[in-house]
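Here are my notes on this one, as promised. Have a look at the fold first, then go through the points below in order.

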Amino acid sequence: MDISGLRAAYEGHTPTLMGERGGSAVLVPLVRQNGEYCLLYEIRSAAVRQPGEVCFPGGKREPGETSIQCALRETREELGIPESAVTVIGEMDFLYIRAGSLLRPVLGEVDPAAVAAMRPAPEEVADTFLLPLRELRAHPPEVYAYQQPVAIPDFPYADAGVAADYLWRPCRIEVPVYRGLPHPLWGITARITMDVVDKL
């Protein structure tokens, strides 16, 4: 049996999510304002999915596009901040967000002049705001957990050699919520924020 296909697939391979179908990236924009570093957030417009929620600029990766290229492109499209105004610090740990998809955050420092001159796309962005890292560190989030039950009614238990009363383990998901901020900050955006603050 010839294994040249396996060698071609795995030699020098960079691991990612097995079976990944699509993926997305966001820019986590650091901005120096009034002598301190802040994170720049968007509020989604009424015309997009999850309207009114707080997020970072980002979206789906296009074919052949790296996470960094995607994050910078989406930031330009959503906020009018050019790629040249962002100094990429590095890629953060990715998040598994739904079946077959990873979200890849990219930390970058944005020129304050570009933030002052940004022109958010109204069809995607209702508003923007800055939150100082100092304030986020002083007010850590509360973390809540929920479980998603597992139901596979048509699973071929006999063919898999599994008892019909097999105890599937439910999926436990943690959801951080920052309280007392000017705008609600929770979920994936809060998880990314926590990761930044934890590494200060």
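1. Let's start with F155, which comes out as partly exposed, with a relative accessible area of 25%. That is over the 20% under which a residue counts as buried, and not over the 50% needed for exposed, so the in-between label is the right one. Keep in mind that all of this rests on a predicted model.

2. Y157 falls on the other side of that cut-off: its relative accessible area is 17%, and buried means under 20%, so Y157 gets the buried label.

3. How many aromatic pairs are there in total? The count comes to 5. One of them I'd look at is Y41 with F129: the ring centres sit 5.3 Å apart and the planes meet at 20°, so this pair is stacked. The two rings come from distant parts of the chain, with Y41 in strand β2 (residues 36-44) and F129 in strand β8 (residues 125-132), 88 residues apart. Both Y41 and F129 are buried.

4. Back to F155 and Y157, since these two also pair up: their arrangement is edge-to-face, at 5.0 Å from centre to centre and with 70° between the planes. They belong to one aromatic cluster together with Y166 and W168.

5. Strand β1 (residues 24-33) deserves a slow look. Most of it is covered, with 8 of its 10 residues buried. Which way does β1 run relative to strand β7 (residues 101-110), parallel or antiparallel? Parallel, with 8 bridges joining the two; V31 faces V110 of β7 there.

6. β1 also pairs with strand β4 (residues 58-60), this time in the antiparallel sense and over 3 bridges. If you want a landmark, V26 is opposite G58 in β4.

7. Then there is β2, which runs antiparallel to β1 and is joined to it by 4 bridges. L30 has L39 of β2 as its bridge partner. The two strands make a hairpin with 2 residues between them, and in the turn N34 has a positive phi of about 55°. Note that β2 is the strand that also holds Y41 of the stacked pair.

8. Last, the largest pocket. It holds about 1,100 Å³ of space and is lined by 37 residues, with R44, R49, Q50, I97 and I188 lying nearest its centre. What is the lining made of? It divides into 19 nonpolar, 7 polar and 11 charged residues.

Technical notes
Residues numbered from 1 in each chain as written. Predicted model: local features only at pLDDT ≥ 70, side-chain atom pairs only at ≥ 80, totals over all residues. Heavy atoms only, no water. 1 Å grid on protein atoms, 1.4 Å probe; cavity = no way out; pocket = protein on both sides within 12 Å on 5 of 7 lines; lining within 4 Å. Points joined across faces, edges and corners; volume = space filled by probe spheres on them. Nonpolar A, V, L, I, M, F, W, Y, C, P; charged D, E, K, R; others polar. Phe/Tyr/Trp six-rings, centres within 6.5 Å; stacked < 30°, edge-to-face > 60°. Buried < 20%, exposed > 50% of the residue type's maximum accessible area, 1.4 Å probe, protein only. Pairing = 2+ DSSP bridges.
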